[in-house]
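User: I've got a model open and some quick questions about it. Can you walk me through what the coordinates show?

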Amino acid sequence: MGELDAKGSSMETPNANSMRNGSKKAFDPSFLVQLPNKLQNCLKLQLRKLGKDNEGAISLKKQEETSTTLKVDLEKQLQSWRENPLWNDEPPQIKVSVPKGSLCNLSVKFDVGLPPDAVYNIVTDPDNRRVFKNIKEVISRKVLLDEGHRQLVELEQAAIWKFLWWSGTISVHVLVDQNRENRTMKFKQLKTGFMKQFEGCWRVEPVFIDESLCYPFKPKTWGEYCSCTGGKGRIGSKVSLDQLIQPALVPPPPISWYLRGITTRTTEMIANDLLAETARIRGDFTPQNSSQSENCMSPSDEQEKNKSSNIKERWAQYRKNAKQQSRRLLTAE
């Protein structure tokens with residue numbers, strides 16, 4: 001029988017009620033609450049792990065899709081340059097300012113005859129010392145963060161320096177923040193030494209080279225530009241480099257003037273090295289160089305061939321002249 005409550009009413013257990021009704025009670029979800037804490041925690045961890053795996057897979061898929069889109073867009077843009085590789089490089093514009101307590105602040109701007117992604121690939125190439133002559137070697141390179149479009153890299157390079165009749169190398173240890181979404185590359189010195197402060201930023205922005213074909217319409221996006229030019233419009237790049245340079249000890253004039261001049265020329269050399277590399281890439285688009293590449297012959301090989309043929313021609317002409325001279329002597333006799 002059931003028990004009596006405080007008011008004297010009858011109370012029966014759930015099992016008794018279920019048996020009396022002749023049917024079993026349905027499964028109660030609140031039963032999960034009675035599971036041991038360890039089992040609950042285990043389930044929670046598995047659910048969290050599954051969620052993180054799904055997020056990671058989605059993120060990786062987005063990175064792959066973004067990378068594929070960039071490659072397709074870049075290939076389309078390069079095709080316009082293959083069809084029309086004509087371009088005249090203008091010398092870089094350099095502005096020098098002298099903030100208080102530093103050697104100089106340099107700002108360099110110049111236009112490049114290649115799409116922004118192609119130029120950005122050159123600037124962020126781990127082996128770009130083949131392009132920039134002021135870099136002797138890469139001592140170490142470690143990727144600290146990789147989000148696909150953004151990378152955080154710890155980099156140490158040996159840079160070449162010259163002062164009067166002395167020259168050598170200096171170790172530059174910087175943290176590089178590369179962001180492909182806005183095509184920027186920021187760098188900042190990690191360890192102080194000869195340089196107390198060394199930081200700056202590369203920035204590559206698109207320029208619609210053949211925008212006049214769209215007149216009077218002014219395109220704002222690559223899609224609009226491609227549409228109004230019939231897919232023939234070329235996209236160039238506006239490149240800027242800002243650097244703040246402060247040695248551990250700023251020398252007095254006139255030595256500081258001389259160092260400032262050396263730093264300015266070095267920065268100008270970096271810009272010219274980039275222009276030279278883009279000019280070399282554009283040169284590969286010309287029909288003459290394309291035919292050379294089809295024949296698997298480099299310019300140096302072609303030069304050696306011409307040199308060899310010239311030697312053979314001169315030797316054949318020498319032998320011909322010698323035979324004619326001997327014939328004259330025999331006739332005279």
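User: Let's start with C228. What is its relative accessibility, and how does it count?
Analyst: This is a predicted model. In it, C228 has 27% relative accessibility and counts as partly exposed.

User: Which residue does C228 form a disulfide with?
Analyst: C214. The two sulfur atoms sit 1.8 Å apart.

User: And C214, buried or exposed?
Analyst: Buried, with a relative accessible area of 4%. The cut-off for buried is under 20%, so C214 at 4% qualifies, while C228 at 27% does not.

User: What handedness does the link of C214 and C228 have?
Analyst: Right-handed, with 50 degrees about the S-S bond.

User: Which parts does the pair tie together?
Analyst: C214 lies in the loop between β9 (195–208) and α4 (222–228). C228 is in helix α4 itself. So the pair ties together parts that are 14 residues apart in sequence.

User: How many disulfides does a search of the whole structure find?
Analyst: One.

User: What about C104 and C201, buried or exposed?
Analyst: C104 is buried at 0% relative accessible area. C201 is buried too, at 14%.

User: C201 has a lysine contact, I think. What does K186 touch?
Analyst: Leaving out residues up to four places away in sequence, K186 touches L175, V176, D177, G200 and C201.

User: Where is K186 found, and how exposed is it?
Analyst: K186 is in strand β8, residues 184–189. Its relative accessible area is 45%, so K186 is partly exposed.

User: How far apart are the C-alpha atoms of K186 and R203?
Analyst: They are separated by 8.6 Å. Along the chain, K186 and R203 are 17 residues apart.

User: Switching to Q178. Where does it lie?
Analyst: Q178 lies in strand β7, residues 166–179.

User: Buried or exposed? And what does Q178 touch?
Analyst: Buried: Q178 has 10% relative accessibility. Not counting residues up to four places away in sequence, Q178 touches Y120, T124, R141, H149, R150, Q151, V153, T184 and M185.

User: Y120 is in α3, right? Which residues of α3 are buried?
Analyst: Y120 is one of them. The others are P116, D117, A118, V119, I122 and V123. That is seven of the eight residues in α3, so the helix is mostly covered.

User: How do α3 and α5 cross?
Analyst: Their axes come within 11 Å and cross at roughly 125 degrees. That makes α3 oblique to α5. The crossing is right-handed. For orientation, α3 spans residues 116–123 and α5 spans residues 255–283.

User: Which residues meet there?
Analyst: From α3, V119, I122 and V123. From α5, L274, E277, T278 and I281. The residues of this contact divide into five nonpolar, one polar and one charged.

User: Now the whole chain. How many helices and strands?
Analyst: Seven helices and 10 strands.

User: What percentage of the chain is buried?
Analyst: Buried residues make up 27% of the 333 residues.

User: Last one. What share of the contacts with a separation of 6 or more comes from residues 24 or more positions apart?
Analyst: Residues that far apart account for 59% of those contacts in the chain.

How values were computed: Residues are numbered from 1 along each chain as its sequence is written. This is a predicted model: local features need pLDDT of at least 70, side-chain atom pairs count only at pLDDT 80 or more; totals for chains, interfaces and linings use all residues. Side-chain values use heavy atoms; hydrogens and water are left out. Helices (H or I, at least four residues) and strands (E, at least two) are DSSP runs, numbered from the N terminus. Buried means under 20% relative accessible area, exposed over 50%, partly exposed in between (1.4 Å probe, protein chains only). Contact means heavy atoms within 4.5 Å. A disulfide is a pair of cysteine sulfur atoms within 2.5 Å. Axes are lines fitted to C-alpha atoms, for helices over the stretch in contact, and angles run from 0 to 180 degrees between N-to-C directions. Angles under 35 degrees count as roughly parallel, over 145 as roughly antiparallel, 65 to 115 as roughly perpendicular and the rest as oblique. A crossing is left-handed if the near helix is turned anticlockwise from the far one by less than a right angle, and right-handed if clockwise. Ala, Val, Leu, Ile, Met, Phe, Trp, Tyr, Cys and Pro count as nonpolar, Asp, Glu, Lys and Arg as charged, and the others, Gly among them, as polar.
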